[in-house]
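Please open the structure in your viewer and keep the selection tool at hand. The tour below proceeds one selection at a time.

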Amino acid sequence: MTKTNSGNFFEDFRLGQEIRHATPRTVSEGDVALYTALYGSRFAFNSSAEFARACGLAAAPLDDLAAFHVVFGKTVPDVSLNAVANLGYAAGRFGVPVFAGDTLATISTVIGLKENSNRQTGVVYVRSVGANQRGEMVVDYVRWVMVRKRDATAAVAGETVPDLPGSVAAADLAVPAGLDVAGYDTVLAGSPHVWDDYAAGERIDHVDGMTIEEAEHMMATRLWQNTAKVHFNQHTEGQGRFGRRLIYGGHIISLARALSFNGLGNAFKLAAINGGRHVNPTFAGDTLYAWSEVLEKLELPGRTDLGALRLRLVALKNRPAGGFPFKTEDGKEYDSAVVLDFDYTVLMPRRRLIP
Amino acid sequence: MTKTNSGNFFEDFRLGQEIRHATPRTVSEGDVALYTALYGSRFAFNSSAEFARACGLAAAPLDDLAAFHVVFGKTVPDVSLNAVANLGYAAGRFGVPVFAGDTLATISTVIGLKENSNRQTGVVYVRSVGANQRGEMVVDYVRWVMVRKRDATAAVAGETVPDLPGSVAAADLAVPAGLDVAGYDTVLAGSPHVWDDYAAGERIDHVDGMTIEEAEHMMATRLWQNTAKVHFNQHTEGQGRFGRRLIYGGHIISLARALSFNGLGNAFKLAAINGGRHVNPTFAGDTLYAWSEVLEKLELPGRTDLGALRLRLVALKNRPAGGFPFKTEDGKEYDSAVVLDFDYTVLMPRRRLIP
Amino acid sequence: MTKTNSGNFFEDFRLGQEIRHATPRTVSEGDVALYTALYGSRFAFNSSAEFARACGLAAAPLDDLAAFHVVFGKTVPDVSLNAVANLGYAAGRFGVPVFAGDTLATISTVIGLKENSNRQTGVVYVRSVGANQRGEMVVDYVRWVMVRKRDATAAVAGETVPDLPGSVAAADLAVPAGLDVAGYDTVLAGSPHVWDDYAAGERIDHVDGMTIEEAEHMMATRLWQNTAKVHFNQHTEGQGRFGRRLIYGGHIISLARALSFNGLGNAFKLAAINGGRHVNPTFAGDTLYAWSEVLEKLELPGRTDLGALRLRLVALKNRPAGGFPFKTEDGKEYDSAVVLDFDYTVLMPRRRLIP
């Protein structure tokens, strides 16, 4: 019997199956420093312990996407080692903030299965819940992936496609306990623009571009203990579909989010991932640009100090975002420069009328 | 109204203007590890908590240049986003040591303005003070940059060129509180050569060479949250002046300082930056060498255990430092291999006559 | 007198000579994060503080190889700066676990000297002991290197070749104080295969491959403060034996060990390095694969919960490990794809009959 993990194939999944993923991970100040070095993120809430304390937290939390990547990475050996494609995300909610010293573990449940008509592959829908050492939810999200079958003739039981929300409702967004933006200093945060200043439909060109190197995306992906082979092995990928190592989609999300600081500097906390698609592959040498659109302005129940913005974050490769490239004229396909279409919700301070 | 920061242009600066820079930054053990990984620095005072404690400190402080880079990085979005060139440094003094957990923030004051005769650009002189969460000065320095004008016809008020010292006087050098080199172990420090052994005029070839990779300088520059575009975007820089990404000058200073360990292993603490010029651009693939010249030996008021050396640190690209390449024969221009001419002051233990 | 370290040449070593190596190093959470980012290691014992606590430790210890690299790095400026080749390791024992905050220092003793017949070089045998700030042994090992002579005619006194054990005996393996695998969770560890499931002679193809980048191996090697010139200087190495920078052999050991997780997920603790040879050089761009052979199953005196496995770890470049490439048919030479032949001993939980 082989002792190596060859991952699950489509016919190995069962509806309702619960998977306790391996190798929990204690996050640290080292991860924080690497996150900054890899993405250049500058949100003051994550960058400065003093700033976070002024907002009522005990310390600066990790970037929400760092927590997401750790939680996601745990699922790869069980869920997507035999994946052909990572199709989408939905119903993602961020829970308690993650601090250096917390240990994260992930448990997933199979909530949907749909074989493809060619019987070579099928789509697996998984709800994954990342929790800290106290069992508090850190991030809870659904993703679906197209997974190979080991045996095309294998029968698949209980096919269901789950009903997924278009977006997370304002009432379901978690605000960190004790968060008080009365002490939020927009000068130190680097942007004067608060929730009140954004309008639904508004588009923001984040201007800056960032070129990606092989060493960077591989270090990032290993940091998250994501074991998907396509990111690491030039010896096989050189003979593969693209002739090169594919960059982990989450690396693109983090880079685009970091670029979005320039225009959304007060979008200090991710609250939800409503949806997301990796539209085109990205490779080392590509330069990433990003733009955002305000999809919706959300009031938060019981709070006048804080609002939420639902945003579309679009990442482009090797094309500046000035013209907001998105879909082809007929709206059917994405522009070939688009690599990420990410729908998420952030918390942002509102203007204080009486200071 | 655009919500992205396009930076200040020359005519936006006013003499005496104070800028509270955004995104304070808590430094950590993660930054220390990355500093070691990126530069290979080996000064025992920063490398070993036990060594630092034996010298009277509570823990190993961060490398002084790491603190400098963080403080400098904060100024970029406000001061040099539209810079054509970083012209020089002067009057730099290091204050209290920085420890993991400290939060650094920077405030700058415009102390000089001089429009160039072509009216397309002008030189801005800025004094920047980095302080920790207790408001204690960490590093205080002047730099001047050539900045583009938005509008060549714009009037510029109050032109002044500040009077800057040639070097920081011995009396103005800060010695960390509690520092006691009685417990300084030169064997563990890796060099038997103390202050007494160096002579003014002495030159040291630091022998080793270090090749720079794109991923390294970009990770470093992002770690310092330095947002200057020229370091990151091959898509635009490929069409630019050099056809490639320019390496952040501070990266070169740190690499050269790390190389200087071999010959200056007891130069354990930076005390001043007297001056500095980035003479030629550096690119990924270049191999850096360095040599030092002792410019001056300084006694420290009231201390017989400790002295200071004023040093010239010269970094070269793709040429070993054996012949001490510096300026052309007529002394008018730098040798084409020289990339950095850095004038700084270090603290170094003196020989104890009675052990 | 030159103030730079030109390292020891063969005739500078004396039998019995003790070398207190410079620049002790405090390890941190930053090193842990970088280790994960550079190697992608996933052993739960090192990855999760909660997992380590469930096994009776106060926190997650650093990866044993990280400790080894730090201890090894200290020896380079004194032992192998003028080395032609790193010939082998033996008699390596791991002592107390290393935790973030510990300060490591290394002392070496010359235990053997043998001049080569050409009189240009000689082999130096060194026993190096790394210890923490309490003087507790962390790792204690022998390595031998071929070192250049400064002067071929120089006489060499006291030649001896030490008698080295073929492997470390079970009775000499250290089990961390307080270690209790009753709380060891194989689901969280990521492998159901415990000591009982492995058989002497069994071979495991670790399946995955990892391509190496220049920035990665240089960052790793600098992190360990290893100053061997061949890893860093393309300007000179481009004219050298291989035309490129040589990757530090320890980087290959760590990568191969990380790959071995897939098949040896419960090999949670290194106990011994019995032997090791870097058989062929590795360069950036090479893709590393690995396979293991169980050489011996060892019972540990007084313990029924824990066993040891003596393993051969073979790393290959640019060839998958499926066919277990090792030596040429006549057994005299290594297959050209083999880069590492590493003989080490791990601790692994045994199956609990009464849960």
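**A hairpin in chain C**

In this predicted model, begin by selecting β4(C) and β5(C), which form a hairpin with five residues between them. Within the turn, display Arg119(C), whose phi is positive, at about 65°.

Next, colour the two strands, residues 103-115 and 121-131 of chain C respectively. They run antiparallel and are joined by 10 bridges. To follow the pairing, select Ile107(C), which stands opposite Val129(C) in β5(C).

Now add strand β1 of chain C, residues 18-20. Three bridges join β1 to β4, and these strands run antiparallel. Here Glu18(C) stands opposite Thr109(C). Then add strand β2, residues 25-26 of chain C, which is joined to β4(C) by two bridges, again in an antiparallel arrangement. Arg25(C) in this pairing faces Leu104(C).

**Where chains A and B meet**

Move to chains A and B, and select the residues in contact: 45 in chain A and 34 in chain B. The area buried between the two chains is about 3100 Å², with carbon and sulfur atoms giving 58%. In chain A, highlight Ala37(A), Arg42(A) and Leu188(A), which lose the most area to chain B, together 19% of what that side buries.

Which side chains should be shown for a salt bridge? Select Glu202(A) and Lys3(B), which meet at 2.5 Å, N to O. Across this interface there are five salt bridges and 21 residue pairs in polar contact. Finally, select α1(A), residues 29-39, which supplies eight residues, the largest share of the side of chain A that touches chain B. That side comprises 19 nonpolar, 15 polar and 11 charged residues.

Key:
Residues are numbered from 1 along each chain as its sequence is written. Chains are lettered from A and ligands numbered from 1 in the order in which they are written. This is a predicted model: local features need pLDDT of at least 70, side-chain atom pairs count only at pLDDT 80 or more; totals for chains, interfaces and linings use all residues. Side-chain values use heavy atoms; hydrogens and water are left out. Contact means heavy atoms within 4.5 Å. Buried area is the accessible area (1.4 Å probe) that two parts lose on being put together, summed over both. A salt bridge is a side-chain nitrogen of Lys or Arg within 4 Å of a carboxyl oxygen of Asp or Glu. A polar contact is a pair of N or O atoms within 3.5 Å; within protein, one must be able to donate a hydrogen and the other to accept it, and residues adjacent in sequence count only if both atoms are side-chain atoms. Helices (H or I, at least four residues) and strands (E, at least two) are DSSP runs, numbered from the N terminus. Ala, Val, Leu, Ile, Met, Phe, Trp, Tyr, Cys and Pro count as nonpolar, Asp, Glu, Lys and Arg as charged, and the others, Gly among them, as polar. Two strands pair if DSSP finds at least two bridges between them.
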